[in-house]
Amino acid sequence: MNLSTQARTALRHHGVKMKYPVIMRLLHWTMALIIVGLIWAGITMVALPDKDPVKYGVFFPWHKSFGMLVLFLVVARLVVRSRVTVPP
């Protein structure tokens with residue numbers, strides 16, 4: 001489903017903006033926000049003492065859950081990427 005180089009050039013010359021599909025942009029920014037949150041949670045967890053119940057009762061489970069969510073979103077992103085036409 002990829003456009004040929006000639007087709008891309010023709011579209012650019014006619015003023016057609018080639019963007020990634022909305023679903024790919026949505027997946028990208030969703031993953032970016034979650035990863036920034038995971039980094040924050042990881043730094044916060046490391047700063048907490050081991051005896052603090054919040055560390056293992058709140059941060060650790062949420063950190064693992066959102067990490068798995070990112071893994072599933074990566075797989076979804078790869079599936080979407082293999083099925084849609086993207087700009088050069």
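Which residues make up the largest nonpolar core? The points below take this up after a short overview.

1. Overall make-up. This is a predicted model. The secondary structure of the chain amounts to 3 helices and 0 strands, and read from the N terminus the order of elements is α-α-α. The chain has 88 residues, of which 19% count as buried.

2. Contacts along the chain. Among contacts in the chain with a separation of 6 or more, 66% are between residues 24 or more positions apart.

3. The core. The largest nonpolar core has 9 residues in all: Met24, Leu27, Met31, Ile34, Leu38, Val70, Leu73, Val80 and Val86. Helices α2 (22–47) and α3 each supply at least two residues of this core. The most comes from α2, which gives 5 residues. As a general point, nonpolar side chains in soluble globular proteins tend to be buried together.

4. One core residue in detail. Leu27 belongs to this core. Leaving aside residues up to four places away in sequence, Leu27 touches Leu73, Ala76, Arg77 and Val80. Two of these partners, Leu73 and Val80, are also listed in the core.

5. The surface. About 6800 Å² of the chain is exposed, and carbon and sulfur atoms supply 71% of that area. A nonpolar patch lies on the surface, formed by Val54, Val58, Trp62, Phe66 and Leu69. Together these residues have about 440 Å² of accessible area.

6. Val58 within the patch. Is Val58 buried or partly exposed? Its relative accessibility is 39%, so Val58 counts as partly exposed. Val58 is found in helix α3, which spans residues 53–83. Helix α3 also supplies at least two residues of the core described in point 3.

7. The salt bridge. How many salt bridges does the structure hold? The count is 1. In this salt bridge the side chains of Asp50 and Lys55 meet, at 2.7 Å from N to O.

8. The two partners compared. Asp50 has 52% relative accessibility and therefore counts as exposed. Lys55, in contrast, is buried, because its relative accessible area is 10% and the limit for buried is under 20%. The salt bridge between Asp50 and Lys55 thus joins an exposed residue to a buried one.

Note on methods
Residues are numbered from 1 along each chain as its sequence is written. This is a predicted model: local features need pLDDT of at least 70, side-chain atom pairs count only at pLDDT 80 or more; totals for chains, interfaces and linings use all residues. Side-chain values use heavy atoms; hydrogens and water are left out. A salt bridge is a side-chain nitrogen of Lys or Arg within 4 Å of a carboxyl oxygen of Asp or Glu. Buried means under 20% relative accessible area, exposed over 50%, partly exposed in between (1.4 Å probe, protein chains only). Patches are made of residues with over 30% relative accessible area and no salt bridge: like charges are joined within 9 Å, nonpolar side chains (Val, Leu, Ile, Met, Phe, Trp, Tyr) within 5 Å. Accessible areas come from the Shrake-Rupley method with a 1.4 Å probe; for residues, only the protein chains shown count as cover. Helices (H or I, at least four residues) and strands (E, at least two) are DSSP runs, numbered from the N terminus. A nonpolar core is a set of buried Ala, Val, Leu, Ile, Met, Phe, Trp, Tyr and Cys residues joined through side-chain atoms within 4.5 Å. Contact means heavy atoms within 4.5 Å.
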